[in-house]
Amino acid sequence: MKVAVLKFPGTNCDEDVLHVLRNVLKVDANIVWHEHFKADSFDAAILPGGFSYGDYLRAGAIAAHSPSVKQLELMDDDCKPILGICNGFQILVEAGLLPGALLLNSTLTFICKWVHLRVEKTDTAFTNLFKTGQVVKMPIAHKEGRFFADERTLKRISERIVLRYCDENGRVTEEYNPNGSTENIAGICDKDGNIVGLMPHPERASEKILSGNFPDGLLMFKSMLKWMRENE
Amino acid sequence: MKKFRVEVILKCKRAARDPEGETIRENLLLVHGFKNVESIRTGKYLEFIVKANDVEEAMKEVYRALNELRIFNPVIHELKVSVE
């Protein structure tokens, strides 16, 4: 099993994701330059956070035209796991692999803090080791993370909401919506559950020394391995 | 009083490089074969809805805001103001 960690110009969380995969989970993983990425060489792909192409035009908008997106579509045809974290989520949304849009935070500021999240959906490639309704804690670090979808889209994707911002008891309220996301949405998936995008950073919550709520983030990557084993 | 829509476009003066425009052109347009596009400049668009008696008064109000509140930076920005 081999995992690709995609790198675009401006990606800056690739080493963190690679560290978790290689050193914490002992998984075969490589950082792959987006122009060199080939779907059939890998069993999963992770698009890490950062500022691809300087966030110019819109966050993720230019990377969404990279040749790697065609390869991701090929991976999707085989139901291989694809995870977009933060800027990776923005790229997947801009590429049309996930619905909606990610807009400037309602605070107009860059927000960097730990948040509570409620796991809404567990039959995905990245949440199958969680319990529905489980409250987890991960950090967010973004300025353009306000998930937006119009009413028609929301209706269509109501079963595809993976994570919602909430309080420590799992209550989803506007007070605990850090960036103004529609319905407190922090993460969504595609119709088959193999593509997941989220604004929080699971790779920053995957080791005891970094996270009081260990192993919340690590479980996302472990879920991916389980999905890969079961779909081999 | 009537309502007027005053549109303001702010962009960097030619003397200042615009990395965002350059990136959009080089990594999106040129990559996809739009070879006739020589340059792209980005900017900011502001739409003012202004209550005023006439066009002149509406423009005056917007210019006053632009100047007094330093909505644009005269060192680097050039302005295009139009009204409906």
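Two strands count as paired if DSSP finds at least two bridges between them. Keep that in mind for these close-ups of a predicted model.

**View 1. Strand β1 of chain B has two antiparallel partners.** Here β1(B) covers residues 2-12, and 10 bridges join it to β2(B), residues 43-52. To β3(B), residues 77-83, β1(B) is joined by 7 bridges. To get your bearings, find K3(B), which stands opposite K51(B) in β2(B). Then look for C12(B), which stands opposite H77(B) in β3(B). How sure is the predictor here? Chain B has a mean pLDDT of 93, and 100% of its residues reach 70 or more. Within chain B, confidence is highest in β2(B), at 96, and lowest in β3(B), at a mean of 93.

**View 2. Chain A holds an open sheet of 9 strands.** Walk across the sheet and you meet β2-β1-β3-β4-β11-β10-β9-β6-β7, with mixed pairing. Which strands are at the edges? They are β2 (28-33) and β7 (135-142) of chain A, each pairing on one side only. On average, neighbouring strands in this sheet are turned by 25° against each other, ignoring direction. As a reminder, strands of a sheet pair through backbone hydrogen bonds, either parallel or antiparallel.

**View 3. Here is one end of that sheet, with a helix packed on the sheet.** Strand β6(A), residues 111-119, runs antiparallel to β7(A), and the two share 8 bridges. Pick out C112(A): its bridge partner in β7(A) is A141(A). Helix α5(A), residues 216-230, touches β3 (44-47), β4 (82-85) and β7 of chain A. The direction of α5(A) makes about 100° with that of β7(A).

**View 4. The largest nonpolar core brings together 71 residues.** Those with the most contacts inside this core are V3(A), V5(A), L6(A), A45(A), I46(A) and L117(A). Which element gives the most to the core? That's α5(A), with 6 residues. Zoom in on V3(A) and, leaving out residues up to four places away in sequence, you'll find contacts including L21(A), V27(A), F42(A) and I46(A). A second, separate core has 6 residues, among them F4(B), V6(B), V8(B) and V62(B). In soluble globular proteins, nonpolar side chains tend to be buried together.

**View 5. This is where chains A and B meet.** Chain B brings 8 residues to the contact and chain A brings 6. What's on chain B's side? It has 4 nonpolar, 3 polar and 1 charged residues. For the model, the scores are ipTM 0.72 and pTM 0.90.

Key
Residues numbered from 1 in each chain as written. Chains lettered and ligands numbered in written order. Predicted model: local features only at pLDDT ≥ 70, side-chain atom pairs only at ≥ 80, totals over all residues. Helix = DSSP H or I, 4+ residues; strand = E, 2+ residues; numbered from the N terminus. Axes fitted to C-alpha atoms, helices over the stretch in contact; angles between N-to-C directions. Contact = placed C-beta atoms within 7 Å. Nonpolar A, V, L, I, M, F, W, Y, C, P; charged D, E, K, R; others polar. pLDDT = per-residue confidence, 0-100. Core = buried A, V, L, I, M, F, W, Y, C linked by C-beta atoms within 7 Å. Buried ≥ 20, exposed ≤ 12 C-beta atoms within 10 Å, placed from the backbone.
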